[in-house]
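Colleague: I am new to this structure and would like to go through the terms used for it. Please show it first.

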Amino acid sequence: MRKRVLALDVGDRTIGVAASDGLGLTAQGVETIRRKSWDKDFARLKELMELYETDTFIVGLPKNMNGTQGERCDVVRDFAQRLQKKFKGSQVVFWDERLSTVAAERSLIAADVSRAKRRKVIDKMAAVFILQGYLDNLGMRVGAVPEEK
């Protein structure tokens with residue numbers, strides 16, 4: 001069994017959160033944290049770390065479509081730096097989140113979720129897409145397909 005991880009889609013007003021299953025195969029949406037203050041945001045993340053028994057965060061890095069890093073990446077990196085200071089020993093892994101919100105939006109539209117409901121869950125769903133991409137990549141790197149004997 002792998003250690004669980006939390007994925008974060010960090011925005012100015014919200015933080016979308018997703019968690020991996022115990023096997024590290026699938027991502028499930030957890031919640032959307034409404035940002036209030038650094039202390040309150042980190043207090044909720046601490047509760048989630050304890051609940052999911054993890055100290056590893058996959059943080060979506062909002063690169064530009066051409067792969068460059070702009071102002072939003074600076075904001076996310078600042079958040080991650082504060083996160084690591086607050087939770088000493090935690091691990092932060094940045095994951096390219098280009099199009100995660102677009103994919104989440106399309107998925108919710110395909111599921112016929114109303115616009116009002118989409119607005120409430122879009123960040124959580126984006127975190128799911130970020131985490132699932134990370135988990136899929138991790139599985140490919142560690143040889144998810146067993147070798148024949």
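Modeller: I begin with a term. A polar contact is a pair of N or O atoms within 3.5 Å; within protein, one must be able to donate a hydrogen and the other to accept it, and residues adjacent in sequence count only if both atoms are side-chain atoms. The model is predicted, so local features need pLDDT of at least 70 and side-chain atom pairs count only at pLDDT 80 or more, while totals for chains, interfaces and linings use all residues. Residues are numbered from 1 along each chain as its sequence is written, and side-chain values use heavy atoms, with hydrogens and water left out.

Colleague: What makes the pair of Asp 21 and Leu 25 a polar contact?

Modeller: A polar atom of the Asp 21 side chain lies 2.7 Å from the backbone nitrogen of Leu 25. That distance is within 3.5 Å, so the pair meets the distance limit.

Colleague: Where is Asp 21 in the chain?

Modeller: Asp 21 sits in the loop between β2 (14-20) and β3 (27-34). Strands (E, at least two residues) and helices (H or I, at least four) are DSSP runs, numbered from the N terminus. Contact means heavy atoms within 4.5 Å; leaving aside neighbours within four places in sequence, Asp 21 is in contact with Arg 4, Thr 26 and Gln 28.

Colleague: How do you know that Asp 21 has no salt bridge?

Modeller: A salt bridge is a side-chain nitrogen of Lys or Arg within 4 Å of a carboxyl oxygen of Asp or Glu. Lys and Arg count as positive and Asp and Glu as negative, while His and the chain ends are not counted. For Asp 21, the nearest side chain of opposite charge is Arg 4, at 6.7 Å, so the 4 Å limit is not met. Asp 21 is nevertheless buried.

Colleague: Which pair, then, does qualify through Arg 72?

Modeller: Arg 72 and Asp 12 form a salt bridge, with the closest N and O atoms 3.0 Å apart. Arg 72 lies in helix α2 and Asp 12 in the loop between β1 and β2, so this pair ties together parts that are 60 residues apart in sequence. The structure holds seven salt bridges.

Colleague: Why is Asp 12 called exposed and Arg 72 partly exposed?

Modeller: Buried means under 20% relative accessible area, exposed over 50%, and partly exposed in between (1.4 Å probe, protein chains only). Asp 12 has 58%, so it counts as exposed. Arg 72 has 31%, so it counts as partly exposed.

Colleague: What makes Lys 46 and Glu 50 a salt bridge, and how are the two placed in helix α1?

Modeller: Their side chains meet at 3.0 Å, N to O, which is within the limit of 4 Å. Lys 46 and Glu 50 are four residues apart in helix α1 (residues 38-52), so about one helical turn separates them. Lys 46 is partly exposed at 43%, whereas Glu 50 is exposed at 51%.

Colleague: Which salt bridge joins Arg 82 to a residue of helix α2?

Modeller: Arg 82 meets Asp 78 at 3.1 Å, N to O. Both lie in helix α2, four residues apart, about one turn of the helix. Arg 82 is partly exposed at 36%, and Asp 78 is partly exposed at 30%. Elsewhere, salt bridges that share partners join Glu 31, Arg 44 and Glu 47 into one network.

Colleague: Why is strand β4 described as largely enclosed?

Modeller: Six of the six residues of β4 (residues 56-61) are buried, so the strand is largely enclosed by the rest of the structure. Thr 56, Ile 58 and Gly 60 point one way, and Phe 57, Val 59 and Leu 61 the other way.

Colleague: How do you know that β4 pairs with β1 and β5?

Modeller: Two strands pair if DSSP finds at least two bridges between them. Strand β1 (residues 6-10) and β4 share three bridges, in the parallel sense; β4 and β5 (residues 91-96) share six, also parallel. Both counts therefore satisfy the definition. Phe 57 is the bridge partner of Leu 6 and stands opposite Val 92 in β5.

Colleague: Why is Gln 91 in strand β5 called partly exposed?

Modeller: Gln 91 has a relative accessible area of 43%, so it falls between the two cut-offs.
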